[in-house]
Amino acid sequence: MSNESYIAAVRASLWGTGRIETPVTDGLLAFHMHQGTGALVFPALLEDDNISLYARAQMKGACMRTMQQHVRLHHTLSQAWTALENAGIHAVLMKGAGLAAVYPSPEQREWGDIDLFVGKEQYHPACAVMRETFPCALKFDEELDHYKHYNLIADGISIEVHRVSIAFQHPLDEYHYETIEQEGMSHALPLTLDGLEVRVPEPTFNALFICLHSWEHMMTNGACLRQLCDHALLLHHYASAIDRPRLKRCLRVLHMTDVWHLFMAMEVHFLGLPEGEAPLYEPSVLPRAQRLMEDLLDGTLRTPATQPDTAKNRFVRKWRTMRERVANAWRMSVYSPAYARHMIITTWLHGLRRLFAGDRRWE
């Protein structure tokens, strides 16, 4: 099954353009499960009367599991959100549940955890509230101020309490993003999810955040096609609310302009986002965007796996880590040379700062 067939199925499902003329094979089913788009595409594929009983059962089972997970997640979200509200902590719901609302049918968007942004001032009180609300939850992360979030698993559902939404290595990136984040989160919008009143990030900031989050996954553990679907539908849903001049300024100070161009090219040419709803669309990056999309679909975008460094000498470990990160930057230069250069500079600055830091609790 070609990548073009995969994309055609996703594109038709995103915009409800009618029957999907795509042969249903084991490869197609596996691909959509891996890319997180199964529940989005399978309902339309099931309209084909020629599908085998095995394939039909597989798709129905996947859709049923997604719907059941939605019920479990919403129950846990309601408990967590109500507890924070009762404690006077004003959280903002990020990613999964909030993004599901922009899909044609919310249950078509797979999500597996709950991300709650509370900010630095409310971080420790919010963590305490979560522990009190879910006393039997599994806890993995320490509640440290240099961590991006605190994590616990309640009733099999992962809850992440975020002190920041994105963690940057470069101090200037961190400084600029803190201002951007504060503005975006302080102007969060109300949203009703199955009777639960929550807040989601302001649209312009949310579009920036989802792009940053997806790019972060591309540079580390690999991304999936669902993240691009999220971004495209978010831009479509809030097309009239996106502040393009502000978005342009934010991208510039974070060195993300070229990366944003790649996302827009992929979402316009492969996922069908209308060009008029793609802020700062730049067609000249299409060859690089096409390669990025192909590698995303083929699974070759992932960072090569590395073994834990067991060297006893701290300086040796730090040197090897910086060398790996520089190599990763060169790997990403195929897609965005501009951001790769920024990554290399950031890696050296961050490495030196960590090398001579007095607080080494992360080691």
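**Stop 1: Tyr 147**

Select Tyr 147 to begin: with a relative accessible area of 24%, Tyr 147 is partly exposed. The model you have open is a predicted one. Tyr 147 sits in a loop, with strand E3 (138-139) on one side and strand E4 (149-154) on the other. Now add Arg 163 to the selection. The two residues are 16 apart in sequence, and their C-alpha atoms are 7.8 Å apart in space.

**Stop 2: Ile 159**

Next, go to strand E5 (residues 157-162) and pick out Ile 159. Is Ile 159 buried or exposed? Its relative accessibility is 0%, so Ile 159 counts as buried. Show what surrounds this side chain. Beyond four places in sequence, the contacts of Ile 159 include Thr 76, Ala 80, Ile 114 and Leu 116. Met 130, Phe 134 and Tyr 150 are also in contact with Ile 159, as are Asn 151, Leu 152 and Ala 154. Draw a distance to Leu 116. C-alpha to C-alpha, Ile 159 and Leu 116 are 7.6 Å apart, with their positions 43 residues apart in sequence.

**Stop 3: Lys 95 and Ala 101**

Move to the loop between strand E1 (92-94) and H5, where Lys 95 is placed. Check the backbone here. Lys 95 is not a glycine, yet its phi is positive, at about 55°. Lys 95 counts as buried because its relative accessibility is 16%, under the 20% cut-off.

Follow the chain through helix H5 (96-100). Ala 101 lies in the loop between this helix and strand E2 (113-117). Ala 101 has 28% relative accessibility, so it counts as partly exposed. Which residues does Ala 101 touch, not counting those up to four places away in sequence? They are Leu 191 and Leu 193. Add His 237 to the view. Its C-alpha atom is 9.5 Å from that of Ala 101, although the two residues are 136 apart along the chain.

**Stop 4: the second largest pocket**

Turn on a pocket display and find the second largest one. Its volume is about 410 Å³. Select Phe 117, Val 118, Gly 119, Gln 122 and Met 185: of the 16 lining residues, these lie nearest the centre of the second largest pocket. Then colour helix H6 (119-133) and helix H7 (171-186), the elements that give two or more residues to this lining. H7 provides the largest share, five residues. What classes of residue line the second largest pocket? Six are nonpolar, five are polar and five are charged.

**Stop 5: helices H2 and H3**

Go to helix H2 (residues 26-35) and helix H3 (residues 38-45). Their axes come within 8 Å and cross at roughly 145°. On the H2 side, show Leu 28, Leu 29, His 32 and Met 33. On the H3 side, show Gly 38, Val 41, Phe 42 and Leu 45. By class, the contact of H2 with H3 has six nonpolar residues, two polar and no charged.

**Stop 6: the nonpolar cores**

Now look inside. In soluble globular proteins, nonpolar side chains tend to be buried together. The largest nonpolar core here has 83 residues, and Trp 215 and Leu 225 have the most contacts inside it. Select helix H8 (residues 203-219), which gives the most to this core, with 10 residues.

Centre the view on Trp 215. Apart from neighbours within four places in sequence, Trp 215 is in contact with Met 256, Val 259, Phe 263 and Leu 292. Met 332, Ser 336 and Tyr 339 are also in contact with Trp 215.

A second core is separate from this one and has 32 residues. Mark it with Ala 83, Tyr 123, Ile 157 and Leu 191, which are among its residues.

**Stop 7: His 255**

Select His 255, in the loop between helix H10 (244-253) and helix H11 (257-269). What is the phi of His 255? It is positive, at about 60°, and His 255 is not a glycine. His 255 is partly exposed, with a relative accessible area of 41%.

**Last view: the whole chain**

Zoom out and colour by secondary structure. The chain has 14 helices and seven strands. Switch to colouring by accessibility. Of the 363 residues, 53% count as buried. Finally, bring up a contact map. Among contacts between residues at least 6 apart in sequence, 68% join residues at least 24 apart.

Conventions: Residues numbered from 1 in each chain as written. Predicted model: local features only at pLDDT ≥ 70, side-chain atom pairs only at ≥ 80, totals over all residues. Heavy atoms only, no water. Core = buried A, V, L, I, M, F, W, Y, C linked by side-chain atoms within 4.5 Å. Buried < 20%, exposed > 50% of the residue type's maximum accessible area, 1.4 Å probe, protein only. Helix = DSSP H or I, 4+ residues; strand = E, 2+ residues; numbered from the N terminus. Contact = heavy atoms within 4.5 Å. Axes fitted to C-alpha atoms, helices over the stretch in contact; angles between N-to-C directions. Nonpolar A, V, L, I, M, F, W, Y, C, P; charged D, E, K, R; others polar. 1 Å grid on protein atoms, 1.4 Å probe; cavity = no way out; pocket = protein on both sides within 12 Å on 5 of 7 lines; lining within 4 Å. Points joined across faces, edges and corners; volume = space filled by probe spheres on them.
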